[in-house]
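These are my notebook entries on a structure I looked through. I wrote down each item as I looked it up.

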Amino acid sequence: MIAEFGLAALWLAAALAALQLLAGALALTPNGGRLAAVVRPAAVVQGLLCATAFAALIWLFAQTDLSVKLVAENSHSAKPLIYKLAGTWGNHEGSMLLWVTVMGLAGAGVALVERRLPEPTMLATLAGQAFVSLGFYAFLLFSSNPFTRLDPAPPEGNGLNPLLQDPGLAFHPPTLYLGYVGLSIAFSFAIGALITREVGPAFARAMRPWVLGAWIFLTLGITAGSYWAYYVLGWGGWWFWDPVENASLMPWLAATALLHSASVLAARDALRAWTVMLGVVAFSMSMVGTFLVRSGILTSVHAFAVDPKRGTFILALLAINIGSALALFGLRAGTVTEGERFSVKSREAALVFNNVMLSAILGIVLIGTLYPLVTEAMGEKVSVGPPYFNPVSAVFAVPMLLVLMVGPMLRWRRDWMARHKRAILIPLGLIAVSAVAFLFVGQIGLMPLIGLTLAPALAVASVLPLKHRKLRLVPLATWGMVVAHFGVAVALAGMACDSAFSRQHLIAARPGDTATVGPWTIRLARVSPVAGPNWTAMEGELEASYAGGAPVLLRPQSRNFWAPPQNTTVSALHTRWNGQLYTVMGDEVQGTQSTGPDGTGRWQLRLWWKPFVPLIWYGGGLIALGGLLALIGRVADDLRRIRVKAKVAYRREQQGRGGA
Amino acid sequence: MTPAAPPLKAKHQRLVLLAIAMVALIGAAILAVWALRSQASYFYVPSDLVANPPETGRAVRLGGMVEKGSMKTAADGVTVDFIVGDGKARVPVRFSGIRPELFVEGSGVVAEGHLEPGGTFIADNLLAKHDEKYVPRELKDMSDAQARKTVAETK
């Protein structure tokens with residue numbers, strides 16, 4: 001019953017999206033003005049219906065209703081409740097439903113609160129949102145219905161992939177989806193602005209909070225995903241340039257560029273066509289990412305829910321959405337009048353540089369991700385990994401970081417370098433000092449050396465804009481910028497330290513054996529069997545002492561799940577202020593020579609000492625926090641502006657009555 | 001530019017910006033394609049690897065079946081030697097580390113690594129079938145018949 005209810009809600013939502021598109025489009029014609037009143041309510045109700053359908057699916061998973069195919073295939077009655085809930089979006093159909101739900105709710109949010117733009121622009125925006133949503137509704141209803149029944153219902157479900165049974169993963173996909181799909185709002189705004197030719201500061205200000213919101217979630221999602229890969233895969237790496245990771249990085253790069261260009265447009269009325277273009281590109285990258293991940297045309301270490309048939313559908317959607325948006329852009333870009341001018345030495349120019357570099361990195365990542373597909377079409381199988389992505393993206397990232405040290409201090413429109421002598425000399429001096437220091441340490445690869453050299457200078461430069469200012473009076477948005485830029489420095493330091501100073505030790509140890517890695521001495525105390533709700537495991541007990549100090553206990557496991565039957569390693573980590581000890585236990589060593597005199601076997605242990613590696617994720621968190629501060633600051637400003645406007649209008653009305 | 005210099009005309013500024021963006025993006029694309037030619041890691045099956053070996057040290061991937069009875073754990077307990085074959089050729093592979101769970105004799109594997117001068121393939125990473133939903137794509141493409149034949153030959 002619940003399943004049918006959810007499906008009905010979904011169909012109704014799709015119908016409302018069609019109405020929203022039709023009414024929005026007709027309302028823009030000379031005779032359709034009366035339909036305008038329909039558009040906003042349709043958007044709101046559509047969002048609510050989607051949320052209802054999604055709630056229904058969550059309910060089915062919570063109840064483990066095995067007569068629903070999706071539940072039977074992806075859940076199991078013995079799973080802990082949190083993973084039953086996470087199972088809702090841990091599969092293709094459920095995650096697509098989450099996608100349209102976020103899209104619907106975002107559209108509803110815009111329809112409810114956004115009243116600053118001229119109404120025709122808003123109608124075009126909401127119609128654009130409905131247009132994009134409709135494609136995804138069609139996808140969901142015709143090719144991946146989450147509410148399909150199974151008759152007869154199986155006695156037990158298949159269970160959820162053990163790698164996905166992790167608290168981090170329960171919240172990771174929804175976070176990323178909020179980011180991906182939030183960018184659809186930027187896309188719709190860009191379309192609305194192009195149709196009504198309303199590209200200006202007001203458009204940028206209206207779009208900015210939505211982009212910021214989506215960007216915050218994307219940042220958090222990428223950071224969390226990276227940490228998840230780091231400790232769940234047990235490979236010690238935190239970024240693999242895997243298609244799935246690239247799929248989340250590309251929209252982030254585009255959204256980061258969009259945020260910066262939108263701030264130029266909002267403050268200075270320049271970069272009009274460019275900002276609109278980025279709005280289109282950002283969401284297009286979300287869709288490209290989804291296509292790559294869902295279609296399974298690229299191999300990935302964390303590709304779940306893969307089905308090539310669906311790829312075709314998403315590819316068609318992609319072609320329609322991006323194609324029509326680019327066609328519209330081509331038609332209208334010429335009529336978007338040129339914005340304000342600025343000199344080479346100005347904040348605008350620095351931001352243009354940032355945008356071009358981010359776009360170049362985006363291009364590098366996109367080409368590298370798609371290259372295997374191209375060569376495969378020509379009959380050659382290749383894979384592209386860190387040896388390509390790291391140096392080639394650094395070619396553009398390093399100049400961008402250098403400009404980042406100065407850019408925030410420049411004035412709008414025109415500035416003189418003489419004014420910033422000290423602000424340029426301080427980071428340059430720091431770069432020189434750290435370069436010499438780390439060269440002296442020696443044995444550091446070129447890439448980590450560049451990172452280590454830039455990070456301290458960047459950290460200092462990022463707080464320089466606060467110099468000579470009364471901290472209490474600094475706007476929240478500026479604080480956001482400072483915190484986010486500082487976060488970039490922190491993350492960069494973490495990445496560089498990880499690749500420069502990590503130590504690794506791989507051994508097969510008998511209980512009682514000790515091993516050293518970096519400053520740590522680690523003893524395998526014992527190996528014993530343990531059991532969980534849906535798994536059994538062999539658990540190693542490691543006593544690790546840092547530089548002869550009191551030992552801490554780590555318990556890595558080699559875990560066997562029985563629904564579905566699968567084996568994974570569960571790493572154990574110990575975090576200190578100066579780094580992280582990372583331990584993984586593998587299988588018992590097979591073969592006769594491995595059995596000890598007392599009959600105990602040897603166990604494979606992989607130990608890493610990773611100095612300062614947590615800085616990577618602290619940095620990611622700081623970047624997101626910076627976004628949040630900026631968002632709060634912007635929204636507060638907007639609210640204040642609206643209040644002031646209302647007051648002014650009220651006074652004017654009063655005066656109008658008195659005089660004139 | 002001195003402060004007194006007149007800023008560019010609007011139209012010129014747009015063209016200059018467009019030109020800069022195009023140059024940077026085209027530059028990025030050219031750099032990407034050039035780097036990909038030298039950095040992409042190619043996929044080999046054992047017969048290709050033997051017939052037409054890549055330069056030693058270059059990152060490549062090797063996919064095939066782990067021969068039955070070929071897996072030997074070294075005395076250190078963490079290094080494993082085995083032979084990957086495709087029915088036509090056999091390549092000795094050495095790997096140090098924790099092996100993926102579904103990496104067993106007679107099953108498919110993709111090894112990432114490089115060829116040593118002696119003809120041994122040093123694997124940095126092994127991708128095995130990781131669960132029923134994730135199979136390295138190259139293995140999926142090996143037809144079932146081919147795989148059965150390979151397994152039969154290497155028994």
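I began with A:Ala547 in this predicted model. I counted 8 C-beta neighbours inside 10 Å, so A:Ala547 is exposed, the limit for that class being 12 or fewer. I located A:Ala547 in the loop between β5 (535–546) and β6 (552–554) of chain A. Its backbone caught my attention: A:Ala547 has a positive phi of about 50°, although it is not a glycine. I noted for reference that most residues other than glycine have a negative phi.

I then turned to A:Thr64, which also is not a glycine and has a positive phi of about 50°. I found A:Thr64 in the loop between α2 (36–63) and α3 (69–74) of chain A. Is A:Thr64 buried or exposed? Neither word fits: with 19 C-beta neighbours inside 10 Å, A:Thr64 counts as partly exposed, because a buried residue needs 20 or more.

My next entry concerns a peptide bond. I recorded that most peptide bonds are trans. The bond from A:Asp151 to A:Pro152, however, is cis, with omega near 0°. I placed A:Pro152 in the loop between α6 (119–143) and α7 (167–196) of chain A.

I next examined a pair of helices in chain A. How do α12(A) and α13(A) run relative to each other? The axes of helix α12 (residues 347–377) and helix α13 (residues 386–406) come within 9 Å and cross at roughly 170°. An angle over 145 degrees counts as roughly antiparallel, and I therefore entered α12(A) and α13(A) as roughly antiparallel to each other. I listed the residues that make the contact, among them A:Phe353, A:Met357, A:Ile361 and A:Gly368 of α12(A), and A:Phe389, A:Ser393, A:Phe396 and A:Met400 of α13(A). I sorted the residues of this contact into 17 nonpolar, 3 polar and no charged.

I also looked up the domains of chain A. Chain A is divided into domain 1 (1–162) and domain 2 (503–589 + 599–611). I noted that 44 Å separate the centres of these two domains, taken over C-alpha atoms.

My last entry belongs to chain B. I found B:Val110 in strand β6 (residues 108–115) of chain B. Why is B:Val110 classed as buried? It has 23 other C-beta atoms within 10 Å, and 20 or more are required. I also recorded that B:Val110 and B:Met65 are 45 residues apart in sequence and 8.7 Å apart in space, C-alpha to C-alpha.

Definitions and conventions
Residues numbered from 1 in each chain as written. Chains lettered and ligands numbered in written order. Predicted model: local features only at pLDDT ≥ 70, side-chain atom pairs only at ≥ 80, totals over all residues. Helix = DSSP H or I, 4+ residues; strand = E, 2+ residues; numbered from the N terminus. Domains from an automatic or database assignment. Axes fitted to C-alpha atoms, helices over the stretch in contact; angles between N-to-C directions. Parallel < 35°, antiparallel > 145°, perpendicular 65-115°, else oblique. Contact = placed C-beta atoms within 7 Å. Nonpolar A, V, L, I, M, F, W, Y, C, P; charged D, E, K, R; others polar.
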